[in-house]
Amino acid sequence: MELLKIKNLSVSFKVACGRVHAVNDLSFSLQKGKCLAIVGESGSGKSVTALSIMRILETNASVDGGQILFEGRNILAVKEKEMQSIRGKQISMIFQDPMTALNPSYTVYRQIAELYKLHRKAAENVKQEITELLGRLHIPNPELILKKYPFELSGGMCQRIVIAMAFALKPDIIIADEPTTALDVSTQAEILKLLKELSEDTGSAVLLITHDMGVVAEMADEVMVMYNGRRVEKKEAEEFFRNPEHPYTKGLLRARPENFNGRFITMSDERGEIKSGGTKYTS
Amino acid sequence: MKKDQNKPLEKSEHIALYKFIHNKTAVISAVILFLLAAVSVLAPVLASYGFDTTDLMNVRKAPGSLHILGTDSVGRDVFTRILYGGRVSILVGISAMLIQLFLGTLLGIAAGYYSGILDMIFSRIADAIMCFPFFVIAMSVVAVIGPGTFKLVFVIGFLMWPKLFRIVRTEVMELKENDYIAAAKAMGMSSGEIMIKHLLPNVMSPVLVSSTLSVAQGIILEASLSFLGLGVQPPLASWGNMLSDAQSMSVLANNWWMWVPPGIMVALTVLAINFVGEGLRDALDPKVRG
Amino acid sequence: MEEQSTLLKVSGLKKYFPVKGTQIIGGKRMLKAVDDVSFSVEKGSIMGVIGESGCGKSTMGRTILKLTEPSGGSVRYKDKILFDVEGRQEIGKKELLKTRKEIQMIFQDSYSALDPRQNILKVLSEGVVKHKVTDKGSVKDYCAHILSLCGLEESALYRFPHEFSGGQRQRIGIARALAVGPEFIVCDEPTVALDVSVQSQILNLMLDLKENMSLTYLFISHNIGVVKHFCDKIAVMYLGRFVETGNAYELCREPLHPYTQALLSAVPITNPWEKKKRIYLEGSIPEGSDIPKGCRFHTRCRHAQERCRIEEPGLSEAAPGRFAACHLY
């Protein structure tokens, strides 16, 4: 079942010398309970896509066209007030940097309680629910963690809390924007395992944005490659790794450091590195 | 890398000059500033009266053919006094700025870069100066050393440096964590070279903004201290003491020519200096395109 | 590895930082960022140091270069002693300046590694002029030549750092280090901030330069996939100390220390059909100011025994050419 369907989405940014088209005529859909990985290099428009689904684009960005259908409703046309009740409850987001995603002056408990308060009128059993929630994170002393402030926790622990909060209200879709980029490999492995477990528990679909093919291999059911704000290729994960079709995808897969033969393999079409990361300017 | 083939190879100093020249506001302000200074310097040539010549027949005369900007309460020509006053005010404002620029930047960079004891000592001195009410110190210092234009400049400059010092110090503490400082060290550069070549250029923007603002402050402080009788001594003219002479209800209400012209001059100078400062800041910043 | 002469010898290197807010009562607590590290680097080889963030690998690199004051130990470069804290020896100012020319560094964050106010010519010429690498008239040509070695055009000389992409800035960083003609370069995670395809380009550039200019690298990284292929020897660092060292390929194929095993098992799979057994470490890394007694890894180790809680194991030869700091071997 199609949970989220994006049709011909175009997003552009206003900059000093004209407009930068970050997303160009992008269409794809996300199935219920599945994990779709959006892969691309920096500047490919993958994060912008995520932000437009949440409708939290920066003020100099504008959606130029297209539709984002969530359960058949175009959320681009929904009123901001209604959008607020969708965010967090039906679609929630996990950011790259866990340290800045939490409010430094709130304890973990208050942080999570706030979320419940926001989306639910009745406040009973919140404490119990929060303890239960943290119990699922495989943290040794959940009660102890609740009293702490974000700066007292490690990056991995913060990201766990952020993930717990994202899943707290059992949303239909979780958008994870590079959730492990800021973390070490061993923490990354744990976080990915947790993400998998929780999405299986709650049946949430995951839209995973990453540039790391290893993370894709671990997590994704489906993979979509983006380049220059456009969709290059979209496939089932296994098929994607076995038979990549597009030259860019092939290059991306070959450029991994594992494929070493005296030299590291670079992209087959040696693109000149352009500062804008390949985005095109029009004035 | 394709774009720059048609761009001539330029040295960064030339680019800065080019950018400054193409900044209209900054250039106009610089010209105004230059004119103000020139006119003040040439005051004896341009003025048809002496700055202390009183004309008791024409007291509080409105502007007319004899006195272009009228006369003040003792019959001195306002236009003449504006010209002479510019000498003092511009001198005081700019030299006070230079003193605080020198002290604040030098000590700020040193304290921020070395931290430790040096930072402790400078910071405590700065705190001490800042937490005393300005006028109390200024008055007691002037009372001890006696009034006079140059003494005034030193007092103002010396009392204003802690503000700039603090800005520079915080900025440097942040800057020195950058890897280009480590790279410079690894290259074998001495602390002095690092401070001059890497830290100084990078603290220039806040320093320029803060110091242009302080010129205005200097001019106004000179006015206040002159009013208290601690600054420029009458009958010597300064825009500050012209303004303070006009501080009475009846003058404000009936004799606008006594306070509007010096007021405009102060505002004009301050604005021009601010624009020049902003222009300099943008010209020196490679990220701002000309 | 043509020549087997030792270029750099580090012994017992220590770097402690005072922990803030503990000075008043009970003396200073120390954060042991680097705690007794010894190794040597052969001329013409690439030595890799891997470890998780906060394990002290970057601090180690900087301490070797004397960018921060060492708390203990000694570093010898060729026949010169850069410092020997216990022996109270330190290199003279003039000598240090000469050595600076021979040891250079490439940084992780190419944004902060270049002075935003300097154009590339200034960035490169600073060291060239300081060390009189070439005569005054030909500085510009020399810098252009170095840039071209690093794959950039001469026109880049008059541009500023913000006008370049991350990969290009890293090339400039490499060019700056190269310009003074070093023999030994400490590379502090030079490719973390880059996209995979750009990472490959930079690593290849470094390999080319190493071969053409007979350089020696100390390569600090947390990317095991890269280190495995890029380096000849690897040291694994945990809480400020090496827990395992050995030949890069062998170490990655068959890690000996339980920590190395866990670290390698955490590397993501390359294909969805690949099966991998994960070792999840318990708990989190202890603070550097509160290092566990005995083996510093025992709090998270699956094989921890009574002995591990009491006695700290040293690096001992566990297999030919392979050293591990573990009581299992």
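I looked up burial in chain B of this predicted model. Of its 290 residues, 42% count as buried.

I next listed the secondary structure of chain B and found 12 helices and 0 strands. Along the sequence I read the pattern α-α-α-α-α-α-α-α-α-α-α-α. For the extent of chain B, I noted that its C-alpha atoms fill a box of roughly 75 × 55 × 30 Å along the principal axes. I then checked contacts in chain B between residues at least 6 apart in sequence, and 70% of these join residues at least 24 apart.

I turned to the contact with chain C. Chain B contributes 21 residues to the contact, and chain C contributes 29 residues. On the chain C side, helix 2 (93-102), strand 7 (103-106) and helix 3 (120-130) each supply at least two residues. I sorted the side of chain C that touches chain B by class and recorded 11 nonpolar, 7 polar and 11 charged residues.

I then followed the sheet of chain C. Its 8 strands form an open sheet of mixed pairing, in the order 7-8-9-3-10-11-13-12. Strand 7 and strand 12 (316-319) of chain C stand at the edges with a single partner strand each, so one side of each has no neighbour in the sheet. I noted an average turn of 25° between neighbouring strands of this sheet, direction ignored.

At the strand 12 edge, I found 3 bridges to strand 13 (residues 322-324) of chain C, and the two strands run antiparallel. Ser316(C) has Ala324(C) in strand 13 as its bridge partner.

For strand 7 of chain C, I recorded that helix 5 (residues 166-179) of chain C lies across strand 7 and strand 8 (184-188), running at about 175° to strand 7.

Methods: Residues are numbered from 1 along each chain as its sequence is written. Chains are lettered from A and ligands numbered from 1 in the order in which they are written. This is a predicted model: local features need pLDDT of at least 70, side-chain atom pairs count only at pLDDT 80 or more; totals for chains, interfaces and linings use all residues. Helices (H or I, at least four residues) and strands (E, at least two) are DSSP runs, numbered from the N terminus. A residue is buried if 20 or more other C-beta atoms lie within 10 Å of its own, exposed if 12 or fewer, and partly exposed in between; C-beta atoms are placed from the backbone. Two residues are in contact if their C-beta atoms, placed from the backbone, lie within 7 Å. Ala, Val, Leu, Ile, Met, Phe, Trp, Tyr, Cys and Pro count as nonpolar, Asp, Glu, Lys and Arg as charged, and the others, Gly among them, as polar. Two strands pair if DSSP finds at least two bridges between them. Axes are lines fitted to C-alpha atoms, for helices over the stretch in contact, and angles run from 0 to 180 degrees between N-to-C directions.
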